[in-house]
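Here are a few exercises to work through with the model in view. Try each one yourself before you read its solution.

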Amino acid sequence: MGSVAEQMVEVLRQAGVERVYGVVGDSLNPVVDAIRRAEGISWVHVRNEEAGAFAAAAEAELTGRLAVCAGSCGPGNTHLIQGLYDAQRSGVPVLALASHIPSGQIGTGFFQETHPERVFTDCSTFCEMVSTPGQMPRLLRVAVQHALGARGVAVLAFPGDVAALPAAGPTGSSHFLTEQAVAAPPWGQVQALALALESAATVTLFCGAGTRDAHEEVMKLADTLQAPVGHSLRGKEFIQYDNPYDVGMSGLLGYGACHEALHEAELVLLLGTDFPYDSFLPTRRVIQVDHDATRLGRRVPLELAVHGDVSATLRAVLPLLARRGDRGFLDTMLERHAKALETVVGAYTRDIEKHTPIHPEYVASVLDDVAADDAVFTVDTGMCNVWAARYLTPNGRRRVIGSFLHGSMANALPHAIGAQLAFPGRQVISMSGDGGLGMLLGELLTVAKHRLPVKTVVFNNGALGMIKLEMLVSGYPEWEIDNGDVDYAAIARAAGIPAKRVTDPAKVREVLAESLERPGPALVDVVTDPNALSMPPKITAAQLRGFALAAGRTVLSGGVGRMIDLARSNLRNIPRP
């Protein structure tokens, strides 16, 4: 029957797991050795368990399948916590194997003693400890199904000596549920939704990540209601492309006319979004549709709560609606949106080939242009979020992932590692800030060791740019945000990764294109302007009370790449008398 550790690995293989991310060590050794001897599963050696958890989160987000990370007792598994919080809040299925000190020493203050069954409770949907061989393999199967069923993190803790013990019984086999039922809304809620939409003179749709499989239905609804369509950051990649009703994004990184469309419409329909920044949302005449009933109404009061999958809900309500002929509100918002983008687009178009340090907006715009149509972009928290939100052009095939809900620094490169291992033939680009890259710099060694063809683009402004912005708009003097003048290209080359440093804006396109086309890993270190902080065009006294308010209506100014072309195109499609 083998050992408990061998049972663990066999169950993981039954669940379709192909790799485990982590750092080997003492209490994990029985599991690591079982992986060494098993077929169809491998160990991915990262330099920090935090990176392993981020990598697993990216793999799970892109594939929808279970991904696994592991940490040895004490510090080994507590390092996992940032990446696990990220996975839990992003709603992706990740299993963490957290080994423990010898079972006979638990509770004695032994070397490296922690209590993983307590530590990980807040960042998981399931967290339990295997204390005896008799609990296996059942408890691991329960953990796997929690991760898959609840779309979140499951943690299985176990003392290393227990993992090495003989199994108490045969492993057997069990089928894991990977495809879930689609939540159909109650008919009464569908009728109430139709009545509310029909009775409102003007409607705005605000879309989040829950519209991933509902692009066609959202466009049909917008056409029926002649409604502008805005989106959150996580909804951008699913809803902005092929969208003649687009009015931009709301929130801290927002742009365009989305804020105005939300606040001037008679009725707002939130579709598949748990948008956390309630100060940007209207507080009256709001309807929310979500497959997770616990999210309904937790941001703003609702006129109507609809429990259902977005796509299923819209398919149900559309036949009940009559198509409107009045485009007045929609056309007004489209015109405002285009005007807003026209006003700020000059921030990166004037003298771009002469301005040094290089405009980061320009770098992001060129990167968007030269990247593959099905590229996966991983984005560091901070100013890289701004550039990704404004310059990366979605097309239905590209993916953009980041720590958009947990907001952890240093996520981009570890996310890229997981994305590249999940899709070895796909172009994966890490948009790394110098602050984020410096925090988990050792993961360049992971990229080099595994010869992963990850392309890392460093937006190197020598500072914690978002923190600088927060300090400025809050009235604090900037302090201790300087990262120094670091040549990350030299560091990458020392690690065995081909790399170039760019200080001349005229070289940006050439170097980016060449680096993306070469086989294997590559890094481009672009020295960017530390003063490109995308301040709001106007800051009111109220906005100075904090960053959430300081972000304002159109929030961070600066160009928005191809989005201006989309806005102009939409204006050309407006019927004229």
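**Exercise 1.** Work out how β4 and β6 pair, and over how many bridges.

*Solution.* Start with the pair itself: seven bridges link β4 (94–100) to β6 (153–159), and the sense is parallel. Strands here are DSSP runs of E with at least two residues, helices are runs of H or I with at least four, and both are numbered from the N terminus. Two strands pair if DSSP finds at least two bridges between them. To find one of these bridges, take V94, whose partner in β6 is V153.

Before going on, a word on the source: this is a predicted model, where local features need pLDDT of at least 70, side-chain atom pairs count only at pLDDT 80 or more, and totals for chains, interfaces and linings use all residues. Residues are numbered from 1 along each chain as its sequence is written, and side-chain values use heavy atoms, with hydrogens and water left out.

Next, look at what else pairs with β6: β5 joins it through four bridges, running parallel. Here C127 has V155 of β6 as its bridge partner.

**Exercise 2.** Find which residues of β6 point one way and which the other, and decide whether they are buried or exposed.

*Solution.* Recall first that side chains in a regular strand alternate between the two faces of the sheet. In β6, V153, V155, A157 and P159 point one way, while A154, L156 and F158 point the other way. Now check burial: buried means under 20% relative accessible area, exposed over 50%, and partly exposed in between, using a 1.4 Å probe and protein chains only. Seven of the seven residues of β6 are buried, so the strand is largely enclosed by the rest of the structure.

**Exercise 3.** Put the six strands of the open sheet in order, and say which ones stand at the edges.

*Solution.* The order reads β2-β1-β3-β4-β6-β5, with parallel pairing. β2 (42–45) and β5 (126–129) are the edge strands; each has a single partner, so one side of each lacks a neighbour in the sheet. From one strand to the next, the twist averages 20°. Angles run from 0 to 180 degrees between N-to-C directions, and axes are lines fitted to C-alpha atoms, for helices over the stretch in contact.

At the β2 edge, four bridges join that strand to β1 (residues 19–22), and the two run parallel. V20 has W43 in β2 as its bridge partner. Then add a helix: α2 (residues 29–37) packs on the sheet and touches β1, β2, β4 and β6, its direction making about 120° with that of β2. Touching is a matter of contact, meaning heavy atoms within 4.5 Å.

**Exercise 4.** Describe how α3 and α18 pack: what is the angle, and how far apart are the axes?

*Solution.* Helix α3 (residues 49–63) and helix α18 (residues 412–422) pack at about 45°, and their axes are 7 Å apart. That makes α3 oblique to α18; angles under 35 degrees count as roughly parallel, over 145 as roughly antiparallel, 65 to 115 as roughly perpendicular, and the rest as oblique.

Now list some of the residues that meet: among them are A51, F54 and L62 in α3, and P414, H415 and I417 in α18. Sorted by class, the contact has 10 nonpolar, three polar and one charged residues. Ala, Val, Leu, Ile, Met, Phe, Trp, Tyr, Cys and Pro count as nonpolar, Asp, Glu, Lys and Arg as charged, and the others, Gly among them, as polar.

**Exercise 5.** Zoom in on A51: is it buried or exposed, and what does it contact beyond its neighbours within four places in sequence?

*Solution.* A51 lies in α3 and has 1% relative accessibility, so it counts as buried. Leaving aside those neighbours, its contacts are P414, L440 and E443. E443 is one of the buried residues of α20 (residues 443–450). The buried residues of α20 pack against elements including β2, α3 and α18.

**Exercise 6.** Finish with the whole chain: how many helices and strands does it have?

*Solution.* There are 25 helices and 19 strands. Of the 577 residues, 58% count as buried.
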